[in-house]
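Student: I would like a close look at one part of this structure, the place where its two chains meet. Please keep it plain.

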2 protein chains.
Amino acid sequence: MSQPAYIALTGGVGGAKLALGLQQVLAPDAISFIVNTADDFEHLGLPICPDIDTLLYTLSGEANTEVGWGRRGETWQFMAALERLGGETWFRLGDRDLAMHIRRRALLQAGETLTQVTAALAQAMGVAHAILPMSDAPVRTRIATQAGELAFQHYFVRDRCEPVVTRIRFDGSETATLPDQIAQRFADPHLAGIIICPSNPFVSVDPILAVPGLRDAMQRSGVPIVAVSPIVAGAAIKGPTAKMMRELNMPNDAVAVAKHYLGLVHGFVLDTQDAALAGPISALGLRTVVTPTVMVTLADRVHVAQQTLQFIKQFQ
Amino acid sequence: MSQPAYIALTGGVGGAKLALGLQQVLAPDAISFIVNTADDFEHLGLPICPDIDTLLYTLSGEANTEVGWGRRGETWQFMAALERLGGETWFRLGDRDLAMHIRRRALLQAGETLTQVTAALAQAMGVAHAILPMSDAPVRTRIATQAGELAFQHYFVRDRCEPVVTRIRFDGSETATLPDQIAQRFADPHLAGIIICPSNPFVSVDPILAVPGLRDAMQRSGVPIVAVSPIVAGAAIKGPTAKMMRELNMPNDAVAVAKHYLGLVHGFVLDTQDAALAGPISALGLRTVVTPTVMVTLADRVHVAQQTLQFIKQFQ
């Protein structure tokens with residue numbers, strides 16, 4: 001008999017921490033990662049997929065864990081030379097990281113889909129667990145701010161999330177389709193649970209949920225769906241989630257995240273610092289589990305993965 | 001009164017040695033370099049211009065004089081990472097060198113001509129002397145060999161000049177046009193001489209001469225045209241010139257080079273090791289000067305530049 005299989009929805013750095021924990025405790029055919037591609041953009045003529053790359057680097061042990069993004073042992077000779085030539089340097093591309101984008105471009109130019117390209121890159125990097133782009137067609141996050149509408153990376157990297165967010169939309173998501181690879185995994189009879197990683201709900205998870213057919217596929221699967229809170233004690237572990245929540249006029253706490261996922265998830269994983277919020281979240285009709293969710297070490301990541309899988313099993 | 005001005009035709013490494021010598025002894029407005037672009041190719045989605053880059057690096061003091069190509073202080077992190085991803089690595093792109101191609105691509109995509117892009121890159125690199133691509137439209141050297149026809153860089157780099165050459169043609173040269181920047185310099189009343197640098201006659205200088213209007217412009221200028229021999233004592237100082245000459249059934253000596261340029265040049269600069277060939281070359285109707293032309297040090301380069309300019313002055 002085949003073992004139970006899981007699907008995790010994830011963005012970049014925050015979600016990748018849990019993805020690494022899940023990779024540590026589950027075999028390659030027992031977990032698939034569906035990754036946000038709405039942060040992707042073309043820069044300097046290269047197709048940059050920040051969240052896919054974060055997963056590739058994290059799951060291959062290539063992530064730079066000291067600075068929290070990019071590649072281990074990265075160097076910046078290219079960037080320094082480009083700066084001297086007057087090129088754009090607001091988005092930092094390391095020498096080793098560049099190889100990923102150049103190789104991806106070559107494979108895309110040869111006619112492969114982003115799903116196929118990502119599988120080839122993962123294989124070359126030694127990653128056996130499936131990293132699945134949420135869509136092969138481009139979907140692009142556009143951030144409406146008080147300073148006008150911005151492409152995601154302009155908001156996120158160039159402008160350091162400083163503009164006040166008023167609205168978020170996902171350009172191209174109406175016409176995107178769910179890749180077969182993803183549809184098949186949701187239809188897998190061994191599917192035992194779906195995990196929403198502690199990624200930004202608005203710019204990492206929502207674009208995945210906006211791919212036509214994905215939300216339906218999740219619900220039709222009939223398996224428990226649980227989210228791990230990206231907000232702990234009113235602050236985002238990583239990135240601008242809490243700031244965005246304030247700007248979007250919601251309380252910046254785990255309850256608001258749980259409400260955001262209401263109607264989709266059945267369970268919610270809360271940090272021990274937020275134990276007092278278990279009551280209000282239960283009152284929304286969700287099951288909860290309270291456990292340390294701040295992931296600093298690899299052991300922390302494994303702990304959250306194990307707790308989340310344990311939580312899912314309790315639904316059966 | 002304005003000073004006399006010169007034009008030099010050059011390919012990559014061999015010609016760039018004399019170009020550096022000329023740069024040392026002439027002011028920016030006294031010398032222009034017309035550079036072969038028939039070695040250019042698109043690789044990994046990037047526009048690579050090997051001869052232009054060699055000039056840019058040489059004239060900015062950025063050339064790697066130890067290995068004879070590429071940039072000083074170059075690193076290879078990108079290449080190592082690309083190899084791991086299964087990418088093409090036969091053409092070595094250093095981390096710093098990559099910046100040049102990425103920046104060139106961005107400027108070309110923005111609608112600038114190769115002439116404009118090269119001027120911008122030269123300015124950013126601190127090169128005040130004019131580096132002028134022979135054409136803004138692509139011209140591509142194709143090498144017919146006993147192993148079939150090859151794109152130049154496949155012949156030159158990937159196959160290390162090993163296939164036996166049977167014929168050389170310049171794809172696109174019929175429809176190429178002389179950039180205005182070049183036409184103006186040939187028409188400059190202060191033009192005092194034209195120098196053919198010691199580059200490969202067949203794959204570096206011939207493609208320049210094949211640009212419609214260029215040979216005419218040289219001849220109509222009425223100034224002395226002199227070539228510096230790329231062959232010394234029957235061997236090429238750099239690259240496959242001598243090997244090509246044997247394969248194209250010509251003697252691999254300076255006389256054959258002089259014959260190749262017959263009808264175009266008025267003078268020929270010969271190495272002291274080939275002093276005995278001054279007679280046969282004079283017999284072709286060319287003036288000659290015999291001087292050490294092997295350029296190892298910067299002083300050697302300056303010496304050949306000075307001797308060549310002195311030689312041109314003797315025509316007046």
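Student: How many residue pairs are in polar contact across the interface of chain A and chain B?

Tutor: The rule finds 12 such pairs between chain A and chain B, counting only pairs in which both residues have pLDDT 80 or more. A polar contact is a pair of N or O atoms within 3.5 Å; within protein, one atom must be able to donate a hydrogen and the other to accept it, and residues adjacent in sequence count only if both atoms are side-chain atoms. On the side of chain A that touches chain B, helix 3 (77-84), helix 4 (95-109) and helix 5 (114-125) of chain A each supply at least two residues. Helix 4 of chain A gives the largest share of that side, 8 residues. Sorted by class, the side of chain A that touches chain B has 13 nonpolar, 6 polar and 8 charged residues. Here Ala, Val, Leu, Ile, Met, Phe, Trp, Tyr, Cys and Pro are nonpolar, Asp, Glu, Lys and Arg are charged, and the others, Gly among them, are polar. Helices are DSSP runs (H or I, at least four residues), numbered from the N terminus.

The model is predicted: local features need pLDDT of at least 70, side-chain atom pairs need pLDDT 80 or more, totals for chains, interfaces and linings use all residues, and side-chain values use heavy atoms, without hydrogens and water. Residues are numbered from 1 along each chain as its sequence is written, and chains are lettered from A and ligands numbered from 1 in the order in which they are written.

Now the extent of the interface. In contact (heavy atoms within 4.5 Å) are 27 residues of chain A and 27 residues of chain B. The two chains bury about 2500 Å² between them, 60% of it on carbon and sulfur atoms. In chain A, the residues that lose the most area to chain B are A:Arg84, A:Leu85 and A:Ile102, together 28% of what that side buries. Buried area is the accessible area (1.4 Å probe) that two parts lose on being put together, summed over both.

A:Arg84 also forms a salt bridge with B:Glu62, with 2.9 Å between the closest N and O atoms. A salt bridge is a side-chain nitrogen of Lys or Arg within 4 Å of a carboxyl oxygen of Asp or Glu. Between chain A and chain B there are 2 salt bridges.

B:Glu62 has a partner in its own chain too: it forms a salt bridge with B:Arg96, at 3.2 Å between the closest N and O atoms. B:Glu62 lies in the loop between helix 2 (50-59) and helix 3 (77-84) of chain B, and B:Arg96 in helix 4 (residues 95-109) of chain B, so the pair ties together parts 34 residues apart in sequence. Both B:Glu62 and B:Arg96 are buried, where buried means under 20% relative accessible area, exposed over 50% and partly exposed in between (1.4 Å probe, protein chains only).

Last, how the copies are arranged. A turn of 180° and a shift of 0.0 Å along the axis lay chain A on chain B with an RMSD of 0.0 Å. The two copies are therefore related as by a two-fold rotation axis. In chain A, A:Asp95 has the C-alpha nearest the axis, 2.9 Å from it. Copies are superposed by least squares on the C-alpha atoms of residues with pLDDT of at least 70 in both. Of the interface residues of chain A, 100% are also interface residues in chain B, so the copies meet through the same surface.
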